[in-house]
Amino acid sequence: MTKRSEEPKTLVERLSSGDGEAIEDFFNLYYERIFKYTYRMLNNPADAEDATQETFIRALRRCGDVRSDNALTHWLFRIAHNLCVDKRRQQPLVELPPDLPIGQSEDRAATRLSVRQALMELPADYVDPLILCDVQEVTANEAAEILGISVPALKSRLYRGRSALRQRLSSVIGQQGEEQEKKKKKRRKSK
Amino acid sequence: MKGIDPMLLVGLFVDGELPAEAASAFMELMHDDPQLARAVEEARETKEMLKDALAVEGPTEEQKERARNRILAVAFQEGFRWRYHFGGQMELPLDGQLKLINE
């Protein structure tokens with residue numbers, strides 16, 4: 001049998017024992033995911049940068065609270081989530097990014113903007129599960145842990161959120177469908 | 001079906017979380033009920049649109065470096081310890097000059 005002392009230390013154990021090199025591993029493992037999450041939650045890369053740094057600093061200060069590497073992901077997301085919720089409360093009017101990536105068609109850019117606007121109009125109870133599960137692709141169990149709710153409650157909010165988003169978007173989708181039809185007809189006529 | 005929220009069933013189906021038997025029964029229902037089929041299609045479409053709308057760029061190298069430096073500085077101030085690795089072993093002689101040994 002292997003002695004406990006010979007087993008490699010987990011990341012959580014290394015962090016808790018004050019091992020500075022473990023921070024590099026921790027950072028490399030999670031920085032990008034947390035940055036993308038805070039960016040989606042705050043809709044702004046500068047705020048996302050601040051929130052992500054703050055998430056890691058808080059995590060390092062409280063790394064004794066987490067028991068295993070398995071719990072590390074949702075624990076870290078939970079810290080990031082709470083920070084984003086606080087930031088959103090402080091600045092409820094979130095600025096939309098002025099430029100969309102180059103190379104996107106106008107229609108796609110317009111749809112993206114409409115979806116973002118529709119999402120901002122939804123209650124936070126719906127927005128958070130939608131971002132975590134549908135965009136960030138966190139499992140339902142992890143998302144429920146992050147939000148501090150039960151899995152059935154999470155699913156109910158997620159599905160109602162999708163439905164509410166769909167309702168808000170239906171006029172946009174309808175308009176775009178009509179415009180596409182018009183363009184098709186024009187093309188056919190010109191041929 | 002009484003008491004079950006149809007949206008919950010649609011969501012579970014779209015997310016592939018219905019057990020196999022229930023999923024095939026649901027597919028049969030969809031076949032007979034265009035409204036249900038449409039609800040499924042809309043749920044899928046909404047999910048895709050959301051994913052596309054919230055696609056974001058990852059952090060730039062510059063942002064990453066800035067974050068790394070700040071986080072490491074705070075960790076250093078708060079007592080995290082580093083073991084420094086050098087190509088060869090270092091020794092500190094009495095005159096205080098560091099020099100490489102075992103090159």
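Me: Hi! Read along the sequence, what pattern does chain A follow?
Reply: Chain A runs α-α-α-α-α-α-α-α. That comes to eight helices and zero strands. Helices (H or I, at least four residues) and strands (E, at least two) are DSSP runs, numbered from the N terminus.

Me: Before we go on, what kind of model is this, and how are residues and chains labelled?
Reply: This is a predicted model, where local features need pLDDT of at least 70, side-chain atom pairs count only at pLDDT 80 or more, and totals for chains, interfaces and linings use all residues. Residues are numbered from 1 along each chain as its sequence is written, chains are lettered from A and ligands numbered from 1 in the order in which they are written, and side-chain values use heavy atoms, with hydrogens and water left out.

Me: Thanks! And what pattern does chain B follow?
Reply: Chain B reads α-α-α-α-β-β, with four helices and two strands.

Me: How much of each chain is buried?
Reply: In chain A, buried residues make up 48% of the 191 residues. For chain B, 29% of the 103 residues count as buried. Buried means under 20% relative accessible area, exposed over 50%, and partly exposed in between (1.4 Å probe, protein chains only).

Me: What about the area each chain exposes?
Reply: Chain A exposes about 10,500 Å², with carbon and sulfur atoms supplying 47% of it. Chain B exposes about 7,600 Å², and carbon and sulfur atoms supply 54% of that. Accessible areas come from the Shrake-Rupley method with a 1.4 Å probe; for residues, only the protein chains shown count as cover.

Me: On to where the chains meet. How many residues does the contact take from each?
Reply: It takes 47 residues from chain A and 41 residues from chain B. Contact means heavy atoms within 4.5 Å.

Me: And what area do they bury between them?
Reply: Chain A and chain B bury about 4,300 Å² between them, 59% of it on carbon and sulfur atoms. Y159(A), R162(A) and R166(A) supply 15% of the area that chain A buries against chain B, more than any other three residues. Buried area is the accessible area (1.4 Å probe) that two parts lose on being put together, summed over both.

Me: How many salt bridges cross the interface?
Reply: The rule finds nine salt bridges across the interface of chain A and chain B. A salt bridge is a side-chain nitrogen of Lys or Arg within 4 Å of a carboxyl oxygen of Asp or Glu. The side chains of E45(B) and R166(A) meet in a salt bridge, at 2.8 Å from N to O.

Me: Any count for polar contacts, and which helices of chain A take part in the touching side?
Reply: Across the interface, 19 residue pairs are in polar contact, both residues being at pLDDT 80 or more. A polar contact is a pair of N or O atoms within 3.5 Å; within protein, one must be able to donate a hydrogen and the other to accept it, and residues adjacent in sequence count only if both atoms are side-chain atoms. On the side of chain A that touches chain B, α2 (20-42), α3 (45-61), α5 (106-121), α6 (124-135) and α8 (151-190) each supply at least two residues. α2(A) gives the most, with 12 residues.

Me: Where does G58(B) sit, and what does it touch?
Reply: G58(B) lies in the loop between α3 (34-53) and α4 (61-77) of chain B. G58(B) touches E32(A), F35(A) and K36(A), not counting residues up to four places away in sequence. G58(B) is partly exposed, with a relative accessible area of 26%.

Me: Switching topic: what is special about phi in N43(A)?
Reply: N43(A) has a positive phi of about 65 degrees although it is not a glycine. Most residues other than glycine have a negative phi. N43(A) lies in the loop between α2 and α3 of chain A.

Me: Is N43(A) buried or exposed?
Reply: N43(A) is buried, with a relative accessible area of 8%.

Me: And E137(A), what is its phi?
Reply: Phi of E137(A) is near 55 degrees, a positive value in a residue other than glycine. E137(A) is in the loop between α6 and α7 (140-147) of chain A, and E137(A) is exposed, with a relative accessible area of 53%.
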